[in-house]
Amino acid sequence: MGQIEWAMWANEQALASGLILITGGIVATAGQFTQWYFGAYSIAAGVFICLLEYPRGKRKKGSTMERCGQKYMTKVVKLFGPFSRNYYVRAILHLGLSVPAGFLLATILGTACLAISSGIYLLAATRGEQWTPIESKPKERPQVGATIKQPPSNPPPRPPAEARKKLSEEEEVATGVSSGPQENPIPVTDEVV
Amino acid sequence: MGNWVVNHWLSVLVLATWLGLNVFLFVHAFLLYEKADKYYYTREILGFCRCSLKKQLDHNLTFHKLVAYMICLHTAIHIIAHLFNFERYSSSRQATNGSLASVLSSLSQEEEGVSWLNPIKSPNMTVTYVTFTSIPGLTGVIITIALVLMVTSATEFIRRNYFEVFWYTHHVFIIYFIGLGIHGIGGIVRGQTEESIKENHPHRCAESFETWNDHNSHCKPPRFEGHPAESWKWILAPVVLYIFERILRFYRSQQQVVITKVVMHPSKVLELQMNKRGFSMEVGQYIFVNCPSISYLEWHPFTLTSGPEEDFFSIHIRAVGDWTENLLRTFEQQHSPVPRIQVDGPFGTASEDVFHYEVAMLVGAGIGVTPFASILKSIWYKFQHADHSLKTQTIYFYWICREIGAFAWFNDLLASLEQEMEDLGKVGFLNYRLFLTGWDSNIAGHAALNFDKATDILTGLKHKTFFGRPMWDNEFCTIATTHPKSVVGVFLCGPQALAKSLRKCCHQYSSLDPRKVQFFFNKENF
């Protein structure tokens with residue numbers, strides 16, 4: 001069990017709790033239950049939690065599958081700096097958000113699930129986990145001009161005409177070296193194998 | 001489309017029947033509560049009531065997930081419906097307008113305590129209190145939380161990367177099923193008793209509810225009884241089957257597995273050759289493996305890489321996660337008694353179809369090459385012993401992977417097959433092409449320089465390695481021209497996208513004339 005990142009599961013659980021809060025809130029508000037205003041709160045809290053938890057953090061090892069379209073929310077969540085990075089903050093935040101929804105039966109399930117998620121985040125925080133945003137690395141286009149040194153001033157030495165014809169046949173087959181000026185997208189270095 | 005129907009008609013039939021039954025049961029229960037006289041007074045308070053039924057049938061992973069989604073959907077409907085019910089019970093308990101609903105609500109527990117209808121016993125009781133102090137309410141909350149935990153730990157991301165979280169959390173299904181079985185005890189959903197309907201038929205007496213308590217009225221106050229718990233009837237059979245399966249797995253695992261050979265291949269691949277009494281396999285099957293010294297509860301599936309004709313069975317294990325890394329480390333240390341291994345299986349449908357085609361095109365992508373090890377070995381044995389069940393005359397094997405390091409063992413298998421075929425003088429039987437999709441200019445340059453060597457520098461095989469993905473149009477074209485009158489079976493073990501392009505090519509290159517070349521794409525679930 002050495003490589004578990006609890007925060008990843010806490011993230012899934014929190015996202016699910018957000019959705020449950022929204023659903024319970026809609027039921028209570030639309031059905032005009034007694035104390036339905038807790039339902040309205042629940043919808044707002046659920047939406048906030050879903051937005052906060054939607055961008056998945058980066059895994060410590062290996063590549064992370066991004067959620068569809070998460071890069072917009074990643075930018076927003078990143079702005080909060082330590083408040084979004086630190087999982088202690090998230091644990092306390094979720095615990096706090098879950099309390100008001102506990103007063104209404106329709107949303108109490110959301111409270112329970114969010115409280116569990118808060119507990120898992122607490123566990124993650126005690127193990128030193130942190131939320132790191134997934135950023136796409138800018139692709140470095142190799143600078144063509146910088147790697148090609150001075151173009152040769154003399155033409156390459158060529159063997160006599162008959163040998164040249166045979167050589168060009170072999171070259172077609174080998175698809176190897178190409179002669180003549182050509183733009184190389186990748187820097188070409190000579191290697192003696 | 002026709003091909004798909006032929007391949008899938010049984011699954012579609014089963015699925016349609018199951019869905020149809022679900023719909024039927026739902027509608028039937030719904031109409032019962034909507035229309036039956038027994039529930040007239042219940043409806044008075046509640047408006048309308050819904051009861052959902054959950055059936056579980058475990059066949060394989062896809063069906064399991066489908067059932068899980070259905071359970072979640074029905075759970076949501078069930079909870080929302082009961083929320084409305086409780087709200088209505090609560091408001092009619094608090095109503096003071098003397099309506100039928102409030103009169104019904106105030107029917108209390110006189111005379112053997114069965115005549116009450118409204119579970120909320122006093123105007124001060126909140127719905128939350130009733131929920132947590134009644135068996136249905138409490139079990140409902142607990143098992144729903146269990147369900148949510150199971151679902152969130154079973155998402156693909158968690159399953160693939162943190163398998164133990166998924167595996168151990170999923171075992172709360174035990175709590176779920178126990179809770180589900182006792183969820184109905186308590187009789188909160190109530191209908192009028194038979195005798196009560198004789199004394200107080202709703203169609204006759206509902207209007208005159210103010211006079212029920214008068215001595216000389218024709219209508220006595222109605223009495224109600226609760227439903228007995230019913231969900232156990234639905235889950236009993238599957239639970240028994242599951243328990244039986246676990247017992248069987250335990251029994252099978254106690255049988256001794258003798259490890260006859262351990263081979264460490266490069267790129268962290270471990271090969272285990274084993275023997276077990278009474279074990280017999282077919283091509284393309286897999287087994288579950290457990291190593292108690294690493295983890296008592298974890299069973300992991302591995303495709304069998306040996307042919308059925310060999311006197312041992314083997315698996316190749318690659319270190320990709322916690323359990324596999326631990327296993328490799330344990331075997332590397334070469335302790336004097338080898339760690340004990342438990343085996344359950346074999347499972348999976350045998351891929352017998354491979355042997356029935358004159359020409360077979362086998363495509364294995366990445367790890368998908370493993371079942372083909374078994375298939376190729378088996379084909380070779382059958383060919384050597386002139387087995388008549390083998391119709392195959394030519395095989396085209398396409399092996400596509402990013403880098404061959406992890407499959408160096410498969411390389412060796414191909415090399416030995418190549419050698420044996422040369423010895424038998426049957427060089428054209430197996431034609432294989434290896435495609436390396438993760439190459440760089442170094443490798444390509446290296447290959448170009450060694451162009452005229454007889455064997456490939458990367459694999460040591462007679463056939464040269466190709467770089468990049470195969471151009472299927474060319475391949476199909478070549479095969480169609482080489483075998484103009486044959487039936488070609490195309491088998492794939494790899495990603496969905498590849499399946500789509502192969503299927504397309506099969507349609508494209510199959511001749512319209514049924515006597516000429518026909519390509520059949522077989523979707524195999526390895």
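These are my notebook entries on the nonpolar cores and aromatic rings of this predicted model.

**Entry 1: the main core**

I began with the largest nonpolar core, which has 35 residues. Which of them touch the most other members? I found B:Leu362, B:Leu376, B:Phe397, B:Trp399, B:Phe410 and B:Leu430.

Next I looked up where this core comes from in chain B. Strands S9 (359-365), S10 (394-401), S11 (430-436) and S13 (487-493) each supply at least two residues, and so do helices H14 (370-384) and H15 (408-424). The largest share, seven residues, is from H14(B).

**Entry 2: one residue up close**

I picked B:Phe397 and listed its contacts, leaving aside neighbours within four places in sequence. B:Phe397 is in contact with B:Leu362, B:Val369, B:Phe372, B:Leu376, B:Phe410, B:Leu430, B:Asn431, B:Tyr432 and B:Arg433.

**Entry 3: another core**

I then turned to a second, separate core of 28 residues. Among its members are A:Ile4, A:Ala7, A:Leu52 and B:Phe157. I met B:Phe157 again when I looked for charges over rings: the charged end of A:Arg56 sits over this ring, 3.8 Å from its centre. Within chain A, I noted the charged end of A:Arg67 over the ring of A:Tyr54, 5.9 Å from the centre.

**Entry 4: ring pairs**

How many aromatic pairs are there over all chains? The count came to 23. To describe a pair of aromatic rings, I need the distance of the centres and the angle of the planes.

My first example was A:Tyr37 with A:Phe38. Their ring centres are 5.4 Å apart and their planes stand at 40°, so I wrote the pair down as tilted. Are these two residues buried or exposed? A:Tyr37 is partly exposed because its relative accessibility is 49%. A:Phe38 has a relative accessible area of 18%, so A:Phe38 counts as buried, the cut-off being under 20%.

My other example was B:Phe173 with B:Phe177. Here the centres are 6.4 Å apart and the planes are at 75°; that angle is over 60 degrees, so the pair is edge-to-face. Both residues belong to helix H9 (residues 173-182) of chain B, and they are separated by about one helical turn because they lie four residues apart. B:Phe173 is partly exposed at 21% relative accessible area, and B:Phe177 is partly exposed at 23%.

**Entry 5: a ring cluster**

Last, I followed ring pairs from residue to residue in chain B. They link B:Tyr398, B:Phe435, B:Phe466, B:Trp472, B:Phe476, B:Tyr509 and B:Phe519 into a cluster.

Note on methods:
Residues are numbered from 1 along each chain as its sequence is written. Chains are lettered from A and ligands numbered from 1 in the order in which they are written. This is a predicted model: local features need pLDDT of at least 70, side-chain atom pairs count only at pLDDT 80 or more; totals for chains, interfaces and linings use all residues. Side-chain values use heavy atoms; hydrogens and water are left out. A nonpolar core is a set of buried Ala, Val, Leu, Ile, Met, Phe, Trp, Tyr and Cys residues joined through side-chain atoms within 4.5 Å. Buried means under 20% relative accessible area, exposed over 50%, partly exposed in between (1.4 Å probe, protein chains only). Contact means heavy atoms within 4.5 Å. Rings of Phe, Tyr and Trp (its six-membered ring) pair if their centres lie within 6.5 Å; planes under 30 degrees apart count as stacked, over 60 as edge-to-face and the rest as tilted. A charge sits over a ring if NZ of Lys or CZ of Arg is within 6 Å of the ring centre and within 35 degrees of the ring normal.
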